[in-house]
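Biologist: I should like to learn how to read this structure. Please take me through it one feature at a time.

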Amino acid sequence: MPTAQRELARADRLVVFFRVYQGTSRQDALAPVQLQSTVVDARGTVVASDSSTLDTGQFATGRTADHYLTIPLATLAPGDYLLKVETTMGARVAGRAMRFVVRP
């Protein structure tokens with residue numbers, strides 16, 4: 001069930017959804033996009049990371065691609081975290097960050 005809830009139990013399941021755009025009104029050829037996600041704890045230590053590639057065939061007619069990422073809450077200690085997601089396409093880089101809390 002989609003939610004914007006940011007405080008989760010270790011037994012919860014956290015799946016993050018995001019959509020990547022390659023300029024919906026552009027006419028140039030689509031390009032692969034590199035994805036890098038990192039979960040950082042309150043001390044700045046990386047506790048989880050994932051990287052993948054969105055190939056050109058994964059982009060829909062509107063030059064968009066959907067991506068889902070599962071965060072392993074059961075492996076995280078209770079506390080504050082920051083999820084950082086970064087996309088790279090050639091020289092272009094874009095990113096977002098989301099704070100969340102894991103309860104015991």
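**Reading the strands and the sheet**

Modeller: Let us begin with a single pair of residues: Asp-41 has Tyr-81, in β6, as its bridge partner. The model is predicted, with local features requiring pLDDT of at least 70 and side-chain atom pairs pLDDT 80 or more, while totals for chains, interfaces and linings use all residues. Residues are numbered from 1 along each chain as its sequence is written, and side-chain values use heavy atoms, leaving out hydrogens and water.

Biologist: How many helices and strands are there in the chain?

Modeller: Helices (H or I, at least four residues) and strands (E, at least two) are DSSP runs, numbered from the N terminus. Here the chain has 0 helices and 7 strands.

Biologist: In what sense do β3 and β6 pair?

Modeller: Two strands pair if DSSP finds at least two bridges between them. Strand β3 (residues 33–41) is antiparallel to strand β6 (residues 79–89), with 8 bridges. Strand β6 is also joined to β7, by 11 bridges in the antiparallel sense; Leu-83, for example, has Met-98 in β7 as its bridge partner. The hairpin of β6 and β7 has 2 residues between the strands, and Gly-90 there takes a positive phi near 60 degrees.

Biologist: Which way do β1 and β7 run?

Modeller: These two run parallel, and 3 bridges join β1 to strand β7 (residues 92–103). Glu-7 has Val-101 in β7 as its bridge partner.

Biologist: What is the order of the strands in the open sheet?

Modeller: The order is β1-β7-β6-β3-β4, an open sheet of 5 strands with mixed pairing. Its edge strands, β1 (7–9) and β4 (46–54), each pair on one side only. From one strand to the next, the twist averages 25 degrees; axes are lines fitted to C-alpha atoms, for helices over the stretch in contact, and angles run from 0 to 180 degrees between N-to-C directions.

Biologist: What share of the residues of the chain count as buried?

Modeller: Buried means under 20% relative accessible area, exposed over 50%, and partly exposed in between (1.4 Å probe, protein chains only). Of the 104 residues, 32% count as buried.

Biologist: What share of the contacts in the chain with a separation of 6 or more comes from residues 24 or more positions apart?

Modeller: A contact means heavy atoms within 4.5 Å. Residues 24 or more positions apart account for 64% of the contacts with a separation of 6 or more.

Biologist: What does the C-alpha trace span along its principal axes?

Modeller: The trace spans about 50 × 30 × 15 Å.
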